[in-house]
Amino acid sequence: MENWLPKLPVADWVDVFVTWLTTNLDVAFSGITNVLEAVVDGMVAGFGYIPSYIFMILLTLIAWKIANKTIALFTLIGLFLIANLGYWDPMLETLALVLTAVIISILLGIPLGIWASQKQSVRQVVTPILDFMQTMPAFVYLIPAIFFFNIGVVPGVVASVIFAMPPTIRLTILGIQQVPADIIEATEAFGSTTSQKLLKVQLPLAMPTIMAGINQSIMLALSMVVIASMVGAPGLGADVYRAVTQIQIGKGFEAGLAIVVIAIILDRLTQNIGKNKKHGGTV
């Protein structure tokens, strides 16, 4: 179909903007790269310092405490399977990458969600940005990430943060807004300040919903593991990507199975943390 209007130079505008960023904020990007690499490498070193069997027992006990015996047994068997298949070290790298991305998503997402829940003007600005972040294909995030942070684990973390942060923000807003109006009126009647109302009433009651957002962010970060491996991120995703490119179906299935095990463990743990918060808030 012939277009009678001239094409908008969107690509040129984006290229100019990216060039300006790399020219003027190169020091900032280098600093972010160094910090994220240090965090991920530190986590991997810390996890690797713990013997595998001790790590299994500790995580199993955590699962038993937070969830139940069934989840604890699955955790123990799943981690043993990962170690038996020879994917223990890649699993630790994947866990470090995912935890780094999720921690950043929480540190940025929850305060932004709180701010947006209190200010309608902020919410009107944040909502379309979140729509854009969630609908943009995940592969697209790798392009600026590579350009700003080069090849390696950092672009994987950055892309994972952008892809995984929206649920935390959205469900933080939703959780605070769903606090019953009569409870808010009661706190105001007793003379509570805005910070007291937020910290002692709204956030505790909204915590199950916020935990659901964190749970979704963890799952989205894990879904980025394989995609991030295409730009040099280590871990189980790199094993899956290598198996795909070399048509090694069995190896790909093993690495994919390890990702599934980690996803189920993290999913069940965060779900049960949310349930415990809910029960604790209703007592």
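This note goes through two pockets and two helix pairs of a predicted model.

1. The largest pocket has a volume of about 580 Å³, and its lining is made up of 19 residues. Those that lie nearest the centre of this pocket are Val-18, Leu-21, Pro-144, Ala-145 and Phe-148.

2. Four helices, α1 (10-24), α2 (26-49), α7 (138-149) and α8 (153-177), are the elements that give two or more residues to the lining of the largest pocket. Of these, α7 gives the most, with 8 residues.

3. As for the chemical character of this lining, 18 of the residues in the largest pocket are nonpolar and 1 is charged, while no polar residue takes part. Which residue classes a ligand placed in the largest pocket would have around it can be read from that division, with 18 nonpolar, no polar and 1 charged.

4. The second largest pocket holds about 420 Å³ of space and is lined by 23 residues, of which Leu-59, Leu-95, Leu-99, Leu-266 and Leu-269 are the closest to its centre. At least two lining residues each come from α3 (52-66), α5 (88-118), α10 (194-223) and α13 (249-282). By class, the lining of the second largest pocket counts 22 nonpolar residues and 1 polar residue, with no charged residues.

5. Turning to helix packing, α7 and α8, which both contribute to the lining of the largest pocket, have axes that come within 9 Å and cross at roughly 135°. Because angles over 145 degrees would count as roughly antiparallel and those from 65 to 115 as roughly perpendicular, the crossing angle makes α7 oblique to α8. The crossing in which α7 passes α8 is right-handed.

6. On the α7 side, the contact with α8 is made by Ala-138, Tyr-141, Leu-142, Ala-145, Ile-146 and Phe-149, and on the α8 side by Val-154, Pro-155, Val-158, Ala-159, Ile-162 and Phe-163. The residues of this contact divide into 12 nonpolar, no polar and no charged. Ala-145 of α7 deserves a separate remark, since this residue belongs to the contact with α8 and is also among those nearest the centre of the largest pocket.

7. The second helix pair is α5 with α8, whose axes come within 6 Å and cross at roughly 35°, again in a right-handed crossing. The contact of α5 with α8 includes 17 nonpolar and 9 polar residues, and no charged ones. Each helix of this pair also has a part in a pocket: α5 supplies at least two residues of the lining of the second largest pocket, and α8 gives two or more to that of the largest pocket.

Technical notes: Residues numbered from 1 in each chain as written. Predicted model: local features only at pLDDT ≥ 70, side-chain atom pairs only at ≥ 80, totals over all residues. Heavy atoms only, no water. 1 Å grid on protein atoms, 1.4 Å probe; cavity = no way out; pocket = protein on both sides within 12 Å on 5 of 7 lines; lining within 4 Å. Points joined across faces, edges and corners; volume = space filled by probe spheres on them. Nonpolar A, V, L, I, M, F, W, Y, C, P; charged D, E, K, R; others polar. Axes fitted to C-alpha atoms, helices over the stretch in contact; angles between N-to-C directions. Parallel < 35°, antiparallel > 145°, perpendicular 65-115°, else oblique. Left-handed = near helix turned anticlockwise from the far one by under 90°. Contact = heavy atoms within 4.5 Å.
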